[in-house]
Amino acid sequence: LNTADSFTISENGVTVPNAVPRLVSDGFGDFISVKDFGAVGDGITDDQPAIQKAINYVHSVGGGTVNFPAGSYKLNSSVALYNNVVLQGEANGSIILLNTGVNFTTVTSSILNIGIKNLTFNNVSGVAPGDVIHIASGGFIGNLLVDSIIAKGINTVFYIESNGFIVIAQFNFCNFSYCLNWYVYYADNASTNMVLWNACQF
């Protein structure tokens, strides 16, 4: 089997109705585990390099889901976000441990189609708790879905630098009640538009 081979979903040798043939390579970005790239999830190992590799790979094949199996993933440096990537954990079992000044950050002027689901974010530095998502100055995130996340000991969940912008975003069943200050912080001329909050705790 190679990446140029095609496949069709079947059950007991019978093709599933309406299934569409695809190249093997087309499915690579659908669902990738951070452990495929070396993440350990023991709460001690720095898993940033593995997580970044997983995100980069999914982005390179056109997008998909980066899965965080149950575990505690420590980040000693920030992770860059890219278009068409969903970060998905396993309910309360997938925990991201953030050190001082560490976050998920935009590195290009615009980021589209980002999802963050079923992840808990904990500050483990003991000092200067930072933010979870950092939108750089003049940065833009469009079509953002945040579902069932928890932020503990975090200063700010979303920090939007000057002239940063979020448009078309939906937050479902998130718990921000453990945040130390703001769930969204706006620097000078930063803004949001068309943001829906559904059953969130503040």
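The chain exposes about 9500 Å² of accessible area, and carbon and sulfur atoms supply 51% of that surface. The model is predicted. Of the 202 residues in the chain, 42% are buried. The secondary structure comes to 1 helix and 22 strands. Contacts between residues at least 6 apart in sequence can be sorted by their separation, and 76% of them join residues at least 24 apart.

**Sheets and strand pairing**

One open sheet has 5 strands in the order β9-β12-β15-β18-β21, and the pairing in this sheet is parallel. Strands β9 (79–81) and β21 (182–186) stand at the edges; each has a single partner strand, so one side of each is left without a neighbour in the sheet. From one strand to the next, the twist averages 20°.

At the β9 edge, 3 bridges join β9 to β12 (residues 104–106), and these two strands run parallel. Within this pair, Val79 stands opposite Phe104 in β12.

Parallel pairing is also found among strands β16, β19 and β22. Strand β16 (residues 140–147) is joined to β19 (residues 165–172) by 7 bridges. Here Phe140 stands opposite Phe165 in β19. Strand β19 also pairs with β22 in the parallel sense, over 7 bridges. In that pairing, Ile166 is opposite Thr192 in β22.

**Two buried residues**

Where is His134 placed, and is this residue buried or exposed? His134 is in strand β15 (residues 131–135), one of the strands of the open sheet described above. Its relative accessibility is 14%, and buried means under 20%, so His134 counts as buried. Leaving aside residues up to four places away in sequence, His134 touches Asn103, Phe104, Thr105, Thr106, Tyr159 and Glu161. Among these contacts is Phe104, the residue that stands opposite Val79.

Thr120 lies in strand β14 (residues 120–123). With a relative accessible area of 6%, Thr120 is buried too. Which residues does Thr120 touch, not counting those up to four places away in sequence? They are Asn92, Ser94, Ile95, Ile96, Ile150 and Lys152.

**Residues at the surface**

Tyr183, Trp197 and Phe202 form a nonpolar patch on the surface, and together they have about 290 Å² of accessible area. Phe202 lies in the segment after β22 (191–198). At 49% relative accessibility, Phe202 counts as partly exposed, because the exposed class begins over 50%.

Two loop residues, Phe173 and Asn189, count as exposed. Phe173 lies in the loop between β19 and β20 (175–178), while Asn189 lies in the loop between β21 and β22. Phe173 has a positive phi although it is not a glycine, and Asn189 likewise has a positive phi without being a glycine. The table gives their values.

| Residue | Phi | Relative accessibility |
|---|---|---|
| Phe173 | about 55° | 52% |
| Asn189 | about 65° | 64% |

Why does Phe173 count as exposed? Its relative accessibility is 52%, and exposed means over 50%, so Phe173 falls in that class. Asn189, at 64%, counts as exposed by that cut-off as well.

Conventions
Residues numbered from 1 in each chain as written. Predicted model: local features only at pLDDT ≥ 70, side-chain atom pairs only at ≥ 80, totals over all residues. Heavy atoms only, no water. Pairing = 2+ DSSP bridges. Helix = DSSP H or I, 4+ residues; strand = E, 2+ residues; numbered from the N terminus. Axes fitted to C-alpha atoms, helices over the stretch in contact; angles between N-to-C directions. Patch = residues over 30% accessible without salt bridge, like charges linked within 9 Å, V, L, I, M, F, W, Y side chains within 5 Å. Areas by Shrake-Rupley, 256 points an atom, 1.4 Å probe, with all protein chains shown as cover. Salt bridge = Lys/Arg side-chain N within 4 Å of Asp/Glu carboxyl O. Buried < 20%, exposed > 50% of the residue type's maximum accessible area, 1.4 Å probe, protein only. Contact = heavy atoms within 4.5 Å.
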